[in-house]
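Trainee: Please take a close look at the annotated active site. How is that one part put together?

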Protein chains: 2
Amino acid sequence: MEKQNKLAIIPLGGLGEIGKNMTVIQYEDDIVILDSGLAFPEDDMLGIDLVIPDISYLLENQDKIRAVVITHGHEDHIGSLSYLLKQIDVPVYGTRLAMGLAECRLKENNVANYKLISIKPGDQITFGKIQVGFMRVSHSIPDSVGMYFKTPVGTIVHTGDFKIDYTPVDGKVMDLHKFAELGDEGVMVLMSDSTNAERPGFTKSERQVGLALDEAFNAAKGRILLATFASNVLRVQQAITSACKYGRKVAIIGRSMINVVNIATELGYLTVPEGVLIDIDEIKNYPGNQILILSTGSQGEPMSALTRMAMNDHRKVEIYPSDTVIISASPIPGNEKSVSKTIDALLRLGAEVIHERSAGIHVSGHASQEELKLMLTLVRPQYFIPVHGEYRMLMSHGKLAQDLGVAKENIFIGSNGQVFEFSKDAGTITGKLAGKVTSGKVFVDGLGVGDVGNIVMRDRSKLSQDGVLIVVITMDKESGCVVAGPDLVSRGFVYVRESGQLMVEAKQKVKQVLANCEANKVIEWASIKGSVRDALSKFVYEKTRRSPMILPIIMEV
Amino acid sequence: MEKQNKLAIIPLGGLGEIGKNMTVIQYEDDIVILDSGLAFPEDDMLGIDLVIPDISYLLENQDKIRAVVITHGHEDHIGSLSYLLKQIDVPVYGTRLAMGLAECRLKENNVANYKLISIKPGDQITFGKIQVGFMRVSHSIPDSVGMYFKTPVGTIVHTGDFKIDYTPVDGKVMDLHKFAELGDEGVMVLMSDSTNAERPGFTKSERQVGLALDEAFNAAKGRILLATFASNVLRVQQAITSACKYGRKVAIIGRSMINVVNIATELGYLTVPEGVLIDIDEIKNYPGNQILILSTGSQGEPMSALTRMAMNDHRKVEIYPSDTVIISASPIPGNEKSVSKTIDALLRLGAEVIHERSAGIHVSGHASQEELKLMLTLVRPQYFIPVHGEYRMLMSHGKLAQDLGVAKENIFIGSNGQVFEFSKDAGTITGKLAGKVTSGKVFVDGLGVGDVGNIVMRDRSKLSQDGVLIVVITMDKESGCVVAGPDLVSRGFVYVRESGQLMVEAKQKVKQVLANCEANKVIEWASIKGSVRDALSKFVYEKTRRSPMILPIIMEV
């Protein structure tokens, strides 16, 4: 890729998917990285803890990287910072809350050296030939920003995750004026959040949730348990405000809820009046109608506080029939079943459950179509790259832009690794797709980063379906004769008590194969193993219609 | 349980869950079984093909069973017939389509002896002291029925799966009059479909889908691919009618679509004009705008025709950018992600995709709240048992009944295995919960029915997360000395090429343990294995933060 007087935008994550957002902005020898997020594993990524972007391109261009700039403190925007900073020494810029949350994670992950620099919405910083400006947006975490990048080729505007909330809880309205001003000056490319691009209308104000919470608090006779995303600090604030209004003490459970409340309070994003917070062990000292428990688990995560309580498996809190449980969140795609199970379990314990379907108890943090149209109209970009979303959301967003007059050929629906290249010639800007760089999913499993790939995943998948059947044979190294075995051991295949006759026959089958091998003077272990595997898998499939992993092991003496 | 002059209703499936519907109606020595369905496995039921109800209670009471009566031909109502009929010899009654579909499955499952008897809506049959009547209802498969059971204690009405469609495609309107008549005569218990009990309003008529399909057919420039539930015969009919109107030939792919179209045509439920059906291999002989392909795969099932086409992996059909793909179905909870992936893949191939969010392309087959209210009002039962649904749907339905005047204590929110007992004394009917019978989930995996239980499932789960690490040691039977090994083999744990050093160290660890055992004269193999397992799992966890299944195998020579 030539870089003379050319600007490249390279998304390394977040296109054609929800999560692991990361975008490279490169002009000549200056690179700025926008966000460094993670994604949560999908169902078929067995045993995987996290998914992070492949940063090969960044490692190859380390010397050019000037900064990482962060839009906000959600995991899908800061969650891979630990992995990035362990390999690349680069300063990170973001608002105070985002930096506070990032620092917490960096410490947990034992990252020794990092440089986190707090900025304020309205700030502008120059990195080489790129000027980056931060603009306040509304989202489901305070102090979120969109950004502009002024470069010699032209201006890029990136919305970050956003919605337009005219009545934000903290009174800090999105900086629509700056977006409009940039639109006036001329914007080369707009990159805009596509999460809700399929939703017509407007996303409601967070303040609506406050009203719904207040109503629920007013009606509740016993304890209230509220589960929501810990990072939704302003929702937590609204819950605490309602608790105070109705004379309830607040106890907090769940690691991430405790962490976020601590950080947000420390940094001044959350105001809790003196004496309101109590320890979870103290709740028994108050009548139910004086208690609010703030909890994690709004996604039905198996190990979370709410799920444990619902399953009657929490060390400190059990559910009473007089409890009102409010799940103030929407299930993330893939979590519908687990949320539904949690709700069912709570209802069985007799609790009243107020959840998503109840009007107003949750609003999205992402802009719907009418807001996206406003953004496109204010910025009126020459080129448009919808970002943050699955392919069909990007397509839907692209169609909106086309309806609003962006030229069809100037709308780029891309995928991760795609290089979008822009150049200016005699005042005319031209954008094009210019090849691809390495990109992809890197799996984090325990301490291992990227050491679990297709083969391991395929094995886990096979093991998960029908288990494993191990055949151990001890053979004489010289003669090739069987000294001991074959012994058969299975796990995850059939009940041992059910498998008696089957195992006897299977063993017989292996003995036949070994006898054949001996008769035919087959002595290569690989071919003996192959014959055992083939015969056994055929036999087992015929008998059971199952295909366990067959694993012959030969020991030599 | 006493049975003198007592009526028992015992749901063996379908309460607190979606699927595997089965209800026992018992009066003295007469048992009638309503439906015999299956459920599809949930995400955590690894390797399981199907889930069927535990029929221990029926096996213990075989001599009393007079009949199985079927409400309609969906798998969650007929899918466990094969397993039931292999164990219990009992005649099965249902409408012709239901019996046709059931027969197809019984043959596939090699059930030798069965007696399927076709009934018509309006029929009434006497089984011992129970009279069963069949009443037409609307649902997403033709010829669905609800039933009444007249017994010496009182009358039970069971809606089956239903919606109220005033403009059904086949013109056969639900028999509301019979429900009203029964209500007039006095109904002891109503059991009613709760699937959509949380949805306000009315479910739209299937005819709406016909209009939406027609519109889509009118607009399509190239080929049309339509994926829907094969059993939704009237939707298939509407698609074929539109195809004829716009001069398109119809090709069918996907095993279940081919099966159902054949059976439905044969039985007269589906009318396809001469010359309209073509073989899938012939589609290349026609221009795109003369082709409709009817396909399975509306749930994004990995092996289905539509998914294979989307993944560019179908033997016969590839997707062109001029194609219009219509997914006329709603994702069943748990399938959202796979449907979403299929849509994305189709869009990437350039096809136009019309799916659920597009207005009118799918309607539910289940009654919403206003229809449920109508049913409750017509039948005005003394007792109410909401059925077919997760716990919160049953609760929601129970609340509707309460709002409509059913006494709170007469609304039974139950679970599978619960005995609902009704008795009559001097003209007064009393209902109560009367203990539980054995019930539960039986897993079908390949040819095995019930041979995969908790232990196997737990092993599969563990194997799926971090794989397996096998340690093989050959020991001398006399001396207890190590003759060969330890050898370590892993699958699904780490990449072999990454694991070199780790495996060397792990082997060293095992050798130490074995040396210790020898020094301490530990000779029981169980305790040697235990020591190896403990040391190795600790070592591996420290090094990798993973917990593979550790499987020590000792061979003796």
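Mentor: Here is a walk through that site, one residue at a time. Keep in mind that this is a predicted model.

Start with the record. An unreviewed UniProt entry marks A:Asp193 and A:His366 as "active site". The two span 174 residues in sequence, yet no two of their C-alpha atoms are more than 7.5 Å apart, so they gather at one spot.

Take A:Asp193 next. Its place is in strand 12 of chain A, which runs over residues 189-193. The relative accessible area of A:Asp193 is 1%. The cut-off for buried is under 20%, so A:Asp193 is buried. Leaving out residues up to four places away in sequence, A:Asp193 touches A:Thr159, A:Gly160, A:Asp161 and A:Phe162. Its contacts also include A:Leu372, A:Val387, A:His388 and A:His397. A:His366 is on that list too.

Now A:His366. This residue sits in a loop of chain A, between strand 18 (352-354) and helix 11 (369-379). With 15% relative accessibility, A:His366 also falls under the 20% cut-off, so it counts as buried. Again without residues up to four places away in sequence, A:His366 touches A:His139, A:Asp161, A:Phe162 and A:Lys163. Its list also holds A:Asp193, A:Thr195, A:Asn196 and A:Thr203.

Compare the two lists. A:Asp161 and A:Phe162 appear in both.

Finally, look at A:Thr195. Its side chain makes a polar contact of 2.7 Å with the side chain of A:Asp193. A second polar contact, of 3.4 Å, joins the side chains of A:Thr195 and A:His366. A:Thr195 thus has a side-chain polar contact with each annotated residue.

Key. Residues numbered from 1 in each chain as written. Chains lettered and ligands numbered in written order. Predicted model: local features only at pLDDT ≥ 70, side-chain atom pairs only at ≥ 80, totals over all residues. Heavy atoms only, no water. UniProt positions renumbered as here; feature names shortened; annotations may be inferred. Helix = DSSP H or I, 4+ residues; strand = E, 2+ residues; numbered from the N terminus. Buried < 20%, exposed > 50% of the residue type's maximum accessible area, 1.4 Å probe, protein only. Contact = heavy atoms within 4.5 Å. Polar contact = N/O pair within 3.5 Å; in protein donor to acceptor, adjacent residues only side chain to side chain.
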